[in-house]
Amino acid sequence: AAERSEYFPVYFIASQPGNEAEVADGHGYGYDFASDATRRAALEAARDSGERRSTAAFPLPQESGAGLGVLTFVPIYDRQELLASPKARQGTLSGFIAGFFRIHALVDDALRGSSPETASLTLLDRSAPAAESSLYRWPAAPNGAATLAAHDAEYRIEQAIDIPGRDWRVQLASTPQFEASHSPRVAWWILAGGLLLASLLAFTL
């Protein structure tokens, strides 16, 4: 790693279903989170605020397709009393708890059992540059295409998701099949229920 005043290497990785082999092999130990500018920005924001902060989404080289992931950092301090300023927090920082999340897995779990004939879902990060703001689209288009065919939906609804340090939005748009089989009043209630389901993402992060 480049010479800096601070380093944040990984000292411990909790074993979870699916990562047992990596933990056993020591994969990831010693990696310096601060060596990456995106992750360092989230670390510093968490340290100075005393609150959770998430990174911007980043590509997952080991995933097929256009998989994206995020990291959420929780700061840990040597003293438990109230730290009233960023300077006080910087001076007593002990380390971080880091959580790694695959965005497609979070969305798929939240929407499990939902029908793609009802609505399409787009997950956006408004705090990212426009070219990088699209995080996930559901359902996936056939043949690996990035988006479904354009459709001028009659019903669209958008809601902010409370992701620490980021401005995430979830958008739902009705499908032609849905519009043909539901009255406007029923349609809005169903889409609103879909947003409530999608907002469960915030409780995960």
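1. Arg 126, Glu 158, Asp 167 and Arg 169 are joined to one another in a network of salt bridges, and this network is a good place to begin reading the structure, which is a predicted model. Across the whole structure, a search finds eight salt bridges, and the points below take up some of them before turning to the aromatic rings.

2. Within that network, the side chains of Arg 126 and Glu 158 meet in a salt bridge with a distance of 3.4 Å from N to O. Arg 126 belongs to the loop between strand 5 (119-125) and strand 6 (134-138), while Glu 158 belongs to strand 7 (residues 156-163), so the pair ties together parts that are 32 residues apart in sequence. Arg 126 has a relative accessible area of 43% and is partly exposed, and Glu 158, at 36% relative accessibility, also counts as partly exposed.

3. A salt bridge also connects Glu 6 with Arg 47, where the closest N and O atoms are 3.0 Å apart. This pair links distant parts of the chain, since Glu 6 lies in the segment before helix 1 (20-25) and Arg 47 in helix 2 (residues 37-49), 41 residues apart. Glu 6 counts as partly exposed at 31% relative accessibility, whereas Arg 47, at 9%, counts as buried.

4. Arg 47 forms a salt bridge with Asp 48 as well, and here the closest N and O atoms are 2.8 Å apart. Asp 48 has a relative accessibility of 23%, and because buried means under 20%, this residue counts as partly exposed.

5. Turning to the aromatic residues, the structure holds five aromatic pairs. The ring centres of Phe 8 and Phe 96 are 5.2 Å apart and their planes stand at 80°, so this pair is edge-to-face. Phe 8 lies in the segment before helix 1 and Phe 96 in strand 4 (residues 93-102), so the pair ties together parts that are 88 residues apart in sequence. Phe 8 is buried at 15% relative accessibility, whereas Phe 96, with a relative accessible area of 21%, is partly exposed.

6. Tyr 31 and Phe 33 form another aromatic pair that is edge-to-face, with 5.6 Å from centre to centre and 85° between the planes. Tyr 31 is partly exposed at 32%, while Phe 33 is buried at 15%. Ring pairs link both of these residues, together with Phe 8, Phe 73 and Phe 96, into a cluster.

7. A charged side chain also meets a ring in this model, for Arg 39 lies over the face of Phe 58, at 4.3 Å from the ring centre.

Terms used: Residues are numbered from 1 along each chain as its sequence is written. This is a predicted model: local features need pLDDT of at least 70, side-chain atom pairs count only at pLDDT 80 or more; totals for chains, interfaces and linings use all residues. Side-chain values use heavy atoms; hydrogens and water are left out. A salt bridge is a side-chain nitrogen of Lys or Arg within 4 Å of a carboxyl oxygen of Asp or Glu. Helices (H or I, at least four residues) and strands (E, at least two) are DSSP runs, numbered from the N terminus. Buried means under 20% relative accessible area, exposed over 50%, partly exposed in between (1.4 Å probe, protein chains only). Rings of Phe, Tyr and Trp (its six-membered ring) pair if their centres lie within 6.5 Å; planes under 30 degrees apart count as stacked, over 60 as edge-to-face and the rest as tilted. A charge sits over a ring if NZ of Lys or CZ of Arg is within 6 Å of the ring centre and within 35 degrees of the ring normal.
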